[in-house]
Amino acid sequence: HFLDPLYLQAGASHCAGCGAEGNNLRFSIVPPAFRRHLVLQLKQFVRHDVVLLCTDCFRKAEAAAAAHTEAWIDELGVRHPDAPPKV
């Protein structure tokens, strides 16, 4: 994979959300808490689920990810044993 043109091109450092330049943060599309439960074949691939986001877009993405995670937890009926009870 490492000689593939995709990996040899210069990386852009702009926000994937709004296009802002500089001071961007890495955001995982698949949260690490879910990624650890993927089958080994999926974990072996180079990670392509990370995007660069500016701080504003990162906050929005984090909030949306948290809401989505809560919805999945509710739908699946699972909670972490140490998690506080849902109000």
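Good morning, everyone. The protein I would like to walk through has four helices and two strands, and if you follow the chain from the N terminus, these elements come in the order α-β-α-α-β-α. Please keep in mind from the start that this is a predicted model, and that is the reason I will begin with confidence before turning to individual residues.

Averaged over the protein, the pLDDT is 79, and 72% of the residues reach a score of at least 70. The confidence is not even along the chain, since helix 1 has the lowest mean, 57, whereas strand 1 has the highest, 90. Where pLDDT is low, the coordinates of a prediction should not be read in detail.

Let me turn next to the protein as a whole. Of its 87 residues, 11% are buried, and the surface that the protein exposes comes to about 7,200 Å², with carbon and sulfur atoms supplying 62% of that area. If we take the contacts with a separation of 6 or more, 56% of them join residues that are 24 or more positions apart.

Now for some single residues, and I will start with Asn24. Where does Asn24 sit? You will find Asn24 in the loop that lies between helix 1, residues 5-8, and strand 1, residues 25-28. Is Asn24 buried or exposed? Its relative accessibility is 18%, and because buried means under 20%, Asn24 counts as buried. If we set aside the neighbours within four places in sequence, Asn24 is in contact with Ser13, His14, Cys15, Leu52, Leu53 and Cys54. With Cys54 we can be more specific, as a polar atom of the Asn24 side chain lies 3.2 Å from the backbone nitrogen of Cys54.

My next stop is helix 4, which spans residues 55-76 and contains Glu62. The relative accessibility of Glu62 is 39%, so this residue counts as partly exposed. How far apart in space are Glu62 and Phe27, C-alpha to C-alpha? The two are separated by 35 residues in sequence, and their C-alpha atoms are 8.3 Å apart.

Leu76 also has its place in helix 4, and with a relative accessibility of 59% Leu76 counts as exposed, because the cut-off for that word is over 50%. Which residues join Leu76 in a nonpolar surface patch? They are Trp72 and Val78, and together with Leu76 they make a patch of about 310 Å².

To close, I would ask you to look again at the buried Asn24 and at the exposed Leu76 in the structure above. Thank you for listening.

Definitions and conventions: Residues are numbered from 1 along each chain as its sequence is written. This is a predicted model: local features need pLDDT of at least 70, side-chain atom pairs count only at pLDDT 80 or more; totals for chains, interfaces and linings use all residues. Side-chain values use heavy atoms; hydrogens and water are left out. Buried means under 20% relative accessible area, exposed over 50%, partly exposed in between (1.4 Å probe, protein chains only). Patches are made of residues with over 30% relative accessible area and no salt bridge: like charges are joined within 9 Å, nonpolar side chains (Val, Leu, Ile, Met, Phe, Trp, Tyr) within 5 Å. Accessible areas come from the Shrake-Rupley method with a 1.4 Å probe; for residues, only the protein chains shown count as cover. A salt bridge is a side-chain nitrogen of Lys or Arg within 4 Å of a carboxyl oxygen of Asp or Glu. Contact means heavy atoms within 4.5 Å. A polar contact is a pair of N or O atoms within 3.5 Å; within protein, one must be able to donate a hydrogen and the other to accept it, and residues adjacent in sequence count only if both atoms are side-chain atoms. pLDDT is the predictor's confidence in each residue, from 0 to 100.
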